[in-house]
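Thanks for passing this one along. Below are my notes on the disulfides and the pockets, in numbered points so that you can reply to each in turn.

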Amino acid sequence: MRNRPHQLLCGGLILLLATACTDDESGKEATLSATQVCDSTLTPPSAKALERLAATERFTELTGTSQRGDTNKFSLELAAKRLYGGVKERNTCMVYKVGDDSGIPLLKIEFEPTKSHPDPETEVRKADRDRLVFPLGAYAEINGDSGTNLYFTCSTKGPEGTSPYVWARMYSSGGRTAPGSSPGDRLAVLNDVARGLAEQLGCADEAALPDRVPAPKNG
C-alpha cells in the first residue's frame with residue numbers, strides 16, 4: 001500500500017501544496033508537480049502532457065519500502081542499478097493523482113533489458129485502429145487506452161550477457177486518463193523518463209531519443 005499524502009507543516013503554516021516541505025508523519029515528500037515526478041525527468045512539454053492525462057497539476061508517488069527493505073521511491077540511479085533485477089526488484093515509477101484514494105496508479109513506468117524489439121514496418125502493417133506505431137527509438141507504440149511501449153538502443157551487461165536494447169513500458173489502467181488527453185501525451189511522458197534513464201546508463205547518444213515525440217506512422 002502506498003503512503004497517502006497528509007497536510008504539510010512548513011514554517012508553522014499548514015499547506016496543501018508544497019514542494020520544499022515534508023510530510024510531518026512519514027518524512028516523505030507528499031505533493032509533487034508534474035516536473036518533479038519520476039526523478040524530475042519531465043521537460044515542460046511532457047509535464048504539460050502529464051497534466052492533461054491526469055487533469056490535475058498535483059501528484060504523489062509510491063513511497064516507503066518493499067518487503068525486502070528496498071526503497072520504493074523512484075530514481076534513475078536505482079532504476080539503472082536494478083535493471084537486471086527480477087520484477088519485484090526493479091525500481092518502478094508509480095504516479096498517483098493527489099486526492100485519489102483508490103490505490104490505483106495513474107501511471108506505472110518500468111524498464112527491462114532485452115535482446116530484441118518488434119519490427120516497426122511489420123507492426124505498422126499489422127496495426128489496427130487501437131494501436132499507433134511511432135518512428136521513435138528502435139520501436140514505439142501506443143496500444144489501446146492503457147499500454148505504451150518504447151524500445152531504445154542501449155547496450156548493457158547483465159549476469160547472462162549483453163543486451164542491446166532497453167524496453168521502457170508504461171501502463172495506465174483503462175479509464176484513468178482524462179478524456180481531453182491524447183495518446184501522444186502518454187508517449188511524451190514515457191519518452192522523457194526513458195531519455196533520463198539512457199543518460200544515467202551512459203547510452204544517450206546511441207538511444208537517440210528526441211526531445212519531442214513525432215507523429216505516428218499510422219493513424
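**Notes on disulfides and pockets**

1. Cys38 and Cys93 are both buried. Please keep in mind throughout that this is a predicted model.

2. These two cysteines are bonded to each other: the sulfur atoms of Cys38 and Cys93 lie 2.1 Å apart and form a disulfide. In the chain the partners are distant, with Cys38 in helix α1 (residues 37–40) and Cys93 in strand β4 (residues 93–97), a separation of 55 residues. The S-S torsion of Cys38 and Cys93 is about -90°, so this disulfide is left-handed.

3. A second pair joins Cys154 to Cys203, where the sulfur atoms are 2.0 Å apart. This disulfide also links distant parts of the chain, 49 residues apart: Cys154 belongs to strand β8 (residues 147–158), while Cys203 sits in the loop between α5 (183–201) and α6 (204–207). Both Cys154 and Cys203 are buried. For handedness, the torsion about the S-S bond of Cys154 and Cys203 is about -90°, which means a left-handed disulfide.

4. For your setup, the count comes to two disulfides, taking sulfur atoms within 2.5 Å as the criterion. How are the bonded cysteines paired along the chain? Counted in chain order, they follow the pattern 1-2, 3-4. As a reminder when you assign bonds, a disulfide is a covalent link between the sulfur atoms of two cysteines.

5. Turning to open space, the largest pocket has a volume of about 440 Å³. Its lining is made up of 18 residues, and those nearest the centre are Ser66, Asn72, Val87, Lys88 and Arg90. Sorted by class, this lining holds eight charged, seven polar and three nonpolar residues.

6. The second largest pocket encloses about 180 Å³. Which strands each supply at least two residues of its lining? They are β5 (107–114) and β9 (161–171). Among the lining residues are Leu83, Tyr84, Gly85, Glu112, Pro113 and Lys115, along with the run Gly158, Pro159, Glu160 and Gly161. The lining of this second largest pocket divides into four nonpolar, four polar and four charged residues.

7. One residue to look at when you compare the two sites is Arg90. In the largest pocket, Arg90 is one of the lining residues nearest the centre; Arg90 also lines the second largest pocket.

Key. Residues numbered from 1 in each chain as written. Predicted model: local features only at pLDDT ≥ 70, side-chain atom pairs only at ≥ 80, totals over all residues. Heavy atoms only, no water. 1 Å grid on protein atoms, 1.4 Å probe; cavity = no way out; pocket = protein on both sides within 12 Å on 5 of 7 lines; lining within 4 Å. Points joined across faces, edges and corners; volume = space filled by probe spheres on them. Nonpolar A, V, L, I, M, F, W, Y, C, P; charged D, E, K, R; others polar. Helix = DSSP H or I, 4+ residues; strand = E, 2+ residues; numbered from the N terminus. Buried < 20%, exposed > 50% of the residue type's maximum accessible area, 1.4 Å probe, protein only.
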